[in-house]
Amino acid sequence: MNAETTIAAAERHVLTITVDNEAGILAKIAGLFTARGYNIDSLTVADITDGHDVSRITIVTHGPPAIIDQIRAQLERLVPVHKVVDLTEVGPYVERELALIKVAGKGENRVEALRLADVFRAKVVDTTTGSFVFELTGAPEKIDSFVSLMKELGLVEVGRTGIVGMIRGAEAA
């Protein structure tokens, strides 16, 4: 298999899964990926109803379309699963991630960190005389770029929420 075939085979997919809020459902879903040897790059789960009985799981993974289709079909057969949508196949969608980035520094590094935070529209959510904690929301590539720049200025720690996605327009996924 050459490099082009490998790249084409490993397409990025963003899946949203609406499920009943039951113990063990997340383990079952993760197990479908594990059984096929595919990694979950990002995983987020949130309750989406007032009664706390339904949750939305967003999974980002890489794999060939045939395997993703197989995983999606198997997910749809799980009893507590209401709906599975591959956002990358339904059309235009929005995805965002939230990150907290701690940067330590004094003098010029501190000034530069604040300047870059302004460029990236990162919000200072905590500050001491020797550090900042920035909150940054956006596409994963934007967060990656900001983190990369902060490495040179005193990056201490990064916490990321994982990706949440939604199709564009008035319809629900």
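# A tour of salt bridges, a helix and a few buried spots

Start by selecting Asp69, Arg72, Asp86 and Glu89: these residues are joined in a network of salt bridges. Keep in mind as you click around that this is a predicted model. Side chains of opposite charge can pair when their charged atoms come close. Across the whole structure, a search turns up eight salt bridges, so let's visit a few of them.

**Stop 1: two bridges to strand E5**

Select Arg12 and Glu95. Their side chains meet in a salt bridge, 2.8 Å from N to O. Arg12 sits in strand E1 (residues 11-20) and Glu95 in strand E5, 83 residues apart, which makes this a link between distant parts of the chain. Buried or exposed: which word fits Glu95? Glu95 counts as buried, because its relative accessibility is 11%, under the 20% cut-off. Arg12 is partly exposed, at 29%.

Now add Arg160 and Glu97, whose side chains form a salt bridge of 3.0 Å, N to O. Arg160 belongs to strand E8 (residues 155-160) and Glu97 to strand E5, so this pair ties together parts that lie 63 residues apart in sequence. Glu97 is buried, with a relative accessible area of 7%, while Arg160 is partly exposed at 35%.

**Stop 2: Pro140**

Leave those four on screen and select Pro140, in helix H6 (residues 140-151). Which residues does Pro140 touch, leaving aside its neighbours within four places in sequence? They are Arg12, Glu95, Glu97, Arg160 and Ile163. Pro140 counts as buried, at 9% relative accessibility. Try a distance label too: the C-alpha atoms of Pro140 and Ala99 are 9.4 Å apart, with their positions 41 residues apart along the chain.

**Stop 3: helix H5**

Select residues 108-120, which make up helix H5. At 1.5 Å a residue, its 13 residues should span 18 Å, and the end C-alpha atoms are indeed 18 Å apart. Colour Ala113, Leu116, Ala117 and Phe120, the buried residues of H5. Look down the axis: the buried residues fall within an arc of 105°, so they line one face of the helix. What do they pack against? Their partners are strand E5 (93-104), strand E7 (131-138) and H6. On the other side of H5, select Glu108, Val111, Asp118 and Val119, which are exposed.

There is a salt bridge here as well: Glu112 pairs with Arg115, the closest N and O atoms being 2.7 Å apart. The two are three residues apart in H5, so about one helical turn separates them. An α-helix has 3.6 residues a turn, so residues three or four places apart point the same way. Both partners are partly exposed, Glu112 at 27% and Arg115 at 44%. Just past the helix, select Arg121, which follows H5 and has a positive phi, near 60°.

**Stop 4: one buried strand residue and a surface patch**

Select Thr58 in strand E3 (residues 54-63). Thr58 counts as buried, with 1% relative accessibility. Beyond its neighbours within four places in sequence, Thr58 has contacts that include Val14, Leu15, Ser42, Leu43 and Val164.

Leu43 leads to the last view. Together with Leu26 and Val45, Leu43 makes a nonpolar surface patch of about 220 Å². Val45 lies in strand E2 (residues 40-47) and counts as partly exposed, at 45% relative accessibility.

Conventions. Residues are numbered from 1 along each chain as its sequence is written. This is a predicted model: local features need pLDDT of at least 70, side-chain atom pairs count only at pLDDT 80 or more; totals for chains, interfaces and linings use all residues. Side-chain values use heavy atoms; hydrogens and water are left out. Buried means under 20% relative accessible area, exposed over 50%, partly exposed in between (1.4 Å probe, protein chains only). Contact means heavy atoms within 4.5 Å. Patches are made of residues with over 30% relative accessible area and no salt bridge: like charges are joined within 9 Å, nonpolar side chains (Val, Leu, Ile, Met, Phe, Trp, Tyr) within 5 Å. Accessible areas come from the Shrake-Rupley method with a 1.4 Å probe; for residues, only the protein chains shown count as cover. A salt bridge is a side-chain nitrogen of Lys or Arg within 4 Å of a carboxyl oxygen of Asp or Glu. The expected span of a helix is 1.5 Å times one less than its number of residues. The arc is that of the directions from the helix axis to the C-beta atoms.
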